Every structure is written in structure tokens, then in C-alpha cells.
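Colleague: I'm new to reading protein models. Could you show me how to look at the empty spaces and the sheet?

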Amino acid sequence: MTTPSLQDGIDKAGSTIKLLWKPGAAPWTPEVVEREYAGWRQEQAAWHEGVALLNLSHHMYDMWIEGPDATRLLADHGANNFENFAIGQAKQYVPVTAGGDIVTDGILAREDEHRYLLSGVPAAQHWVQYHGEKGGYDVAFVTDPSSAFRPGGRDPKLFRYQIQGPLAAEVVERVFGGPPPRTKFFHSTPVTLNGRSFRALRHGMAGQAGFEFIGPWEHAAYVHETFLEVGAPLGLVQVGALAYTTPSVESGWIPSPVPGIYTDPELAEYRKQLPLFGIEGQRPLNGSYFSEDIEDYYVSPYELGYGKMISFNHEFLGRDALLKAKDTVRRTKVTLLLDADDVRDVIGDGRDPGFVLTYARHRVENATGMVGTTMQSAMIDPVGSVLSLTLVDTEYAVPGTEVQVVWGEHPGPGTPPDADLGFPRIRATVQPAPFNQHARTLYRQGA
């Protein structure tokens with residue numbers, strides 16, 4: 001039986017929008033880990049006020065890229081600067097299409113001179129592997145899917161644990177019997193715990209300092225239990241799947257941009273190689289904003305705030321398009337702080353709305369009409385309301401600007417995009433992205 005491709009799914013549905021539009025789609029949350037441990041409110045509070053342990057071991061898709069052409073392949077298809085990319089360093093990898101639209105980002109770590117590890121949402125890995133094989137690069141690929149797709153229910157190859165929050169350094173010091181390793185932001189250093197070797201990546205989330213520990217799965221249980229035991233006197237809290245999805249809203253990372261791969265005739269072969277039941281064919285679209293044209297959902301890396309990562313010191317796919325777009329960026333990434341009273345009235349029916357998480361593309365409006373779309377919204381209990389990572393027309397990106405979020409689910413094809421469906425409005429105020437001041441100003445010092 002032939003496995004259907006993404007192109008098969010588009011053809012059968014009649015359009016990409018008809019394939020992907022799913023009103024009321026349940027938001028993605030990490031697999032395997034419990035939905036809550038201490039309760040999502042307490043778990044959010046932990047990385048703001050104390051210390052939190054997050055398990056990233058199961059939802060990351062890993063791909064090792066190794067061979068003499070590994071750097072050339074990644075540089076040919078990534079907008080990043082590959083000069084002085086040190087062994088042990090990681091970067092947010094930015095692959096774009098020929099038209100300059102983001103494919104999706106990923107975390108790229110250099111493990112050796114000719115070996116890299118690309119982790120995250122697998123759209124970037126699919127893109128790199130396709131071009132590596134099609135282009136005849138001298139590289140080999142080893143993949144480890146997320147636990148939801150890993151065959152045979154086997155364990156991951158790697159464990160990943162984040163220790164985050166104001167008390168993170170103290171927990172790490174107690175675990176290793178000394179101060180945390182002095183490491184630049186997004187650089188890693190080898191560490192040893194009772195004879196078990198792994199790496200510590202200096203990281204941060206929601207504006208709080210911390211580390212991500214990465215190592216072979218055989219050490220996973222021991223490392224996890226050690227952190228729990230040592231961290232207990234300091235109030236360490238495990239973070240469940242619900243709360244795990246929310247710090248990106250505070251730290252300004254948009255986790256679900258639509259890959260710009262669905263319409264270019266030159267990418268028909270690529271779409272025929274992608275599986276229908278993968279990220280590109282199954283990540284749903286929904287919300288009060290609706291368009292029949294999937295290209296209206298494409299985004300530029302500039303809009304996502306990745307302009308500083310783009311380097312024109314080398315040739316790469318999409319370079320000309322990004323050069324052309326550099327000075328004509330239409331939208332800016334901001335955080336919307338939704339009015340707490342309106343949130344209670346619209347989402348909570350006048351009461352506590354509880355946990356809120358959606359990746360819906362909701363319309364953002366002011367008196368002139370539509371001025372943007374939300375990309376991810378979540379209840380942040382320490383803030384006391386819902387925050388929405390949003391792309392708005394640049395002229396409305398000034399902090400303090402007042403807008404409204406149209407909260408509802410457009411039914412999709414068959415109903416006009418501009419139909420008046422009586423959706424409620426939630427007042428909101430434009431704030432910077434990242435929302436957290438520490439994330440904006442401090443935790444990249446020494447990068």
C-alpha cells in the first residue's frame with residue numbers, strides 16, 4: 001500500500017486550505033509527560049519565582065547530519081552566519097524558500113567539525129534532508145522521531161531536561177557540587193554526574209536563566225531523579241504538558257509558522273515526497289481569520305524577529321528574496337496583553353477562564369479594520385491574563401497601542417472570509433515581544 005503524500009492530500013481535499021482548516025482544533029501539547037504535576041498555575045509560577053524541571057525528551061524530532069558537506073548543505077539552505085560556528089555552539093536555524101518565506105526554524109547544534117544535530121519541529125529536517133539527497137551532498141542522515149512517531153515504542157536516543165527559574169543556578173550547583181559551568185548563551189559544555197557524561201546547554205525561557213541538559217538515554221532516569229531529589233528542598237516543580245507550551249508566549253518565540261512550501265510549482269516534487277500524515281499535512285489552521293489563499297499565512301523570518309540571524313555573507317536559497325524584502329517588512333512581532341475582564345467574559349463566561357492555549361489565527365482589529373493576526377495565545381497566571389504572540393502591521397506595533405482580538409472560529413471554506421459571524425471582541429494592548437523584560441535585555445548577555 002502506497003503511503004499518501006502531502007501533494008496527494010492537497011489534491012484530494014481540493015486546496016491546501018481545505019486540507020488544513022480545522023475549526024476548534026485541539027492545541028498541540030507534548031506527548032508522554034503528564035499533563036500536570038503540581039497544577040499548571042503552580043508550574044508556571046515555578047519558573048518565574050523558584051525553579052522548574054521540564055522534560056523535552058519525547059517531543060523533539062532529532063536529525064544528525066554528518067559528512068564532509070554537512071556545513072555546506074546547511075549554509076546553502078539556511079540564512080544563518082556559518083563563520084565561527086564553534087563546536088558545542090547552537091543556533092536557531094533559519095531555512096527559507098526561494099521566495100523568502102520561512103520553512104520553520106529549528107535548533108542546530110554543532111557536535112563536531114562535520115557533524116550537526118538539528119532538533120525541533122521536523123519541517124526543517126525534512127527540508128534539509130530533501131535538498132541534501134537531491135543535491136548530491138556528501139552527507140549522511142540519522143533521524144530519531146518524536147515519541148508520538150517513533151516506531152516500536154522504543155526510547156529516545158537522547159534525554160533533554162531543562163532547569164529554569166531564579167533558583168536554577170543554585171539547584172545546578174548542588175547537583176554538580178560546584179558553580180554552574182561558565183558558558184556563553186546557546187553554547188554547551190561537557191559535564192559529568194557520578195561518572196555519567198552529558199552536556200549542559202546554557203538556555204533560557206520566559207526570561208529566566210537556566211540550562212538544558214542533553215545526553216544519552218541510558219542516563220535519563222538517573223539524571224532526572226537526581227535533579228528531583230536535590231531540587232526538592234528548594235521547591236523544584238516538574239512542569240507538565242499544559243504549562244510547557246506557554247513560556248514561548250512570554251519569550252517571544254512563535255512555534256508554529258506555516259511552512260511556505262504549498263504553492264511553488266518548483267516544490268511539487270518536494271510535496272510528493274513529504275508524507276500526508278506529517279507536520280506539513282496535519283498541523284491545523286483555525287481561528288477568526290480565514291483566507292482561501294494559503295500564501296496569506298506565509299511569514300517572513302523578518303516578521304518573526306529573525307533579522308539579526310540573517311547573514312548575506314554567503315549564497316543560500318532565498319537570499320535574493322530576503323535582500324529584496326529587508327527594507328519592506330510589513331508586519332512586526334508583538335505581544336498582546338488581553339484585557340482580563342474581557343477574557344473572563346468571553347472565554348470564562350464571566351468566571352475564571354482556567355487554562356487557555358490556542359494556536360488560532362485570530363483577527364486583530366482597530367477602528368481602521370484588520371491590522372494583524374495572533375499566532376499563539378495562552379493564559380499566563382503570573383501575568384493575570386492571556387498573552388497573544390501576534391504579527392501586526394508595523395505602524396500599530398508601538399507599545400501601548402490599543403486593539404481588539406476577534407475571538408471565534410471561522411467555519412472555513414463555504415463561508416466568505418469577511419462574513420459577520422458575530423464573534424466577540426477582546427480588548428488588548430500592544431506590548432513588546434519578548435514580553436518579559438529580562439528576556440528582552442539580560443539573558444543573552446555574553447552571547
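Modeller: Happily! Keep in mind that this is a predicted model. Let's begin with a closed space: the lining of the second largest cavity divides into 5 nonpolar, 1 polar and 3 charged residues.

Colleague: Which residues line the second largest cavity?

Modeller: They are Tyr289, Asp296, Tyr297, Val299, Arg331, Arg361, Thr373, Met375 and Leu391. The space inside this cavity is about 60 Å³.

Colleague: And how much space lies in the largest cavity?

Modeller: About 150 Å³. Its lining has 15 residues, and nearest the centre lie Ser256, Pro257, Val258, Pro259 and Arg283. That lining divides into 11 nonpolar, 2 polar and 2 charged residues.

Colleague: What about pockets? How do I read one?

Modeller: A pocket is an open set of points, whereas from a cavity the probe cannot get out. Here the second largest pocket has a volume of about 310 Å³. Among its 15 lining residues, Asp101, Val299, Ser300, Glu303 and Ala325 lie nearest the centre. The lining comprises 6 nonpolar, 4 polar and 5 charged residues.

Colleague: Now the sheet, please. In what order do the strands of the open sheet come?

Modeller: The 5 strands run in the order 3-4-5-2-6, with antiparallel pairing. Strand 3 (90–93) and strand 6 (140–144) each have a single partner strand, so one side of each is left without a neighbour in the sheet. From one strand to the next, the twist averages 25°.

Colleague: Which helix packs on the sheet?

Modeller: Helix 5 (residues 123–134), which touches strands 2, 3, 5 and 6. The direction of helix 5 makes about 30° with that of strand 2.

How values were computed: Residues are numbered from 1 along each chain as its sequence is written. This is a predicted model: local features need pLDDT of at least 70, side-chain atom pairs count only at pLDDT 80 or more; totals for chains, interfaces and linings use all residues. Side-chain values use heavy atoms; hydrogens and water are left out. On a 1 Å grid over the protein atoms alone, a cavity is a set of points where a 1.4 Å probe fits but cannot get out, and a pocket is an open set with protein on both sides within 12 Å along at least five of seven lines; lining residues have an atom within 4 Å of a point. Grid points are joined across faces, edges and corners, and a volume is the space filled by probe spheres set on the points. Ala, Val, Leu, Ile, Met, Phe, Trp, Tyr, Cys and Pro count as nonpolar, Asp, Glu, Lys and Arg as charged, and the others, Gly among them, as polar. Two strands pair if DSSP finds at least two bridges between them. Helices (H or I, at least four residues) and strands (E, at least two) are DSSP runs, numbered from the N terminus. Axes are lines fitted to C-alpha atoms, for helices over the stretch in contact, and angles run from 0 to 180 degrees between N-to-C directions. Contact means heavy atoms within 4.5 Å.
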